[in-house]
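Dear colleague,

I am passing on the structure below, together with a short account of what was found in it. Please read the account with the coordinates open beside you.

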Amino acid sequence: MMNQRDLDKQILAAAWDDSPLAPDAERMLDARLGADDLRLVSHAVAQLEQDELSLAWRSALNERLLELQPVKRKSWWAVAWRPALATGLAASVLTVALFRSGPAPSSHAESLENELIRIHLDSAAALDLAGTGLVPHEVASARPAPVEEELDWSSVDLDLL
Amino acid sequence: MLVMAAASLSVTTMRSLDRADELALIERARRRDFDAFGRLVDAYQHRVFGFAKRFVKDREEAADITQEVFVRAFQNFDRFDARAPLRTWLFRIAYNLCVDKARRHERQPIEYRIDGNVEGEEPIDVMDDRWNPETMVLDDELLQLVETGIANMSEKLRSVLLLHDREDLQYDEIAEVLNVPIGTVKSRLFLARAHLKQVLSEYLEAKR
């Protein structure tokens, strides 16, 4: 059995220099640690007040943790091919748009076409109903247009009348 | 009658997780599940803070260290071996940060070496009424004395005492946290308790 002095030496050497304890010394130390007086000291330490952290502390921690949330890192090829793909796609769409469609009909041309069709339909309807000559533009179109020569009469022509 | 710190105990119990719950949360936290990690923080933040505060003896500094502990844990969760208790890992991070902080501040704690008879000249009689848990009242004054006694201890003794008697870590866990042999842990715990016992003895003797 180890005496008290040797035990003390071993305890001090183990505590400060990390020296190994002899099995005897460790057994005695275990018994000493389990003694009532030291257990009471242990009990007193366990009863110490628990410190609380504030909500502001927790909030600050959450902010820091959120900043650390993993962000998906783009690989170099993803960085390179995505803009290239986007540019190519845009160019393709533009090319197709240019070659497939001619100039878009203007609203003016469309309305003129509609107007001509409407006049034609009105005219056809009026002709069916009343016949040639009664419709003003029909009469106008039936009468021969004056020619320049008719206005250029000579005195001989007048005498013949 | 022994005055119990009922409030502090109930808080600890309420926040503690059983092993199965903890493992499930650890698994989720590994996948960077923010909520799961938050629950682990809830379970351990006050314990880590209490340890850091008694180690560095400064509340603000301890709060910063505690925050850093959880930030580092979050960053390195994939390296954590779930077969070991989470608390061991967290206290190890906390201990290393506390030591680093003390070194940066060039505030190396004074090592109060206990030489000669480690138990003192006069061994305490456990049959003495002063040491009877039924009659010993842990009032505010006595608790403050315990706090002062811990604060005046060397860093080596203090860390072992807090981890074992306050945070309820096993010898092997403490050995892992401090990276020392188990025999060293036991020896330091013995010296720390002997130191505190002496402080309490003197107080109780004076009150007699």
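How many helices and how many strands does the secondary structure of chain A come to? This is a predicted model, and in it chain A has nine helices and zero strands, so that the order of elements, read from the N terminus, is α-α-α-α-α-α-α-α-α. Of the 161 residues in chain A, 22% count as buried, while the area that chain A exposes is about 12,300 Å², with 62% of it supplied by carbon and sulfur atoms.

One residue that I looked at in more detail is Arg58(A), which is placed in helix α4 of chain A, a helix that covers residues 55–67. With a relative accessible area of 14%, Arg58(A) falls under the 20% cut-off and is therefore counted as buried. Once the neighbours within four places in sequence are set aside, Arg58(A) is in contact with Gly38(B), Val41(B), Asp42(B) and Gln45(B). For Gly38(B), the backbone oxygen lies 3.2 Å from a polar atom of the Arg58(A) side chain.

As for confidence in chain B, its mean pLDDT is 81, and 76% of its residues reach 70 or more. There are, however, stretches to treat with care: over residues 1–14 of chain B the pLDDT stays under 50, and the model has 21 contacts beyond four places in sequence for them. Over residues 109–113 of chain B the pLDDT likewise stays under 50, and for these residues the model has eleven contacts beyond four places in sequence.

With best wishes

Methods: Residues are numbered from 1 along each chain as its sequence is written. Chains are lettered from A and ligands numbered from 1 in the order in which they are written. This is a predicted model: local features need pLDDT of at least 70, side-chain atom pairs count only at pLDDT 80 or more; totals for chains, interfaces and linings use all residues. Side-chain values use heavy atoms; hydrogens and water are left out. Helices (H or I, at least four residues) and strands (E, at least two) are DSSP runs, numbered from the N terminus. Buried means under 20% relative accessible area, exposed over 50%, partly exposed in between (1.4 Å probe, protein chains only). Accessible areas come from the Shrake-Rupley method with a 1.4 Å probe; for residues, only the protein chains shown count as cover. pLDDT is the predictor's confidence in each residue, from 0 to 100. Contact means heavy atoms within 4.5 Å. A polar contact is a pair of N or O atoms within 3.5 Å; within protein, one must be able to donate a hydrogen and the other to accept it, and residues adjacent in sequence count only if both atoms are side-chain atoms.
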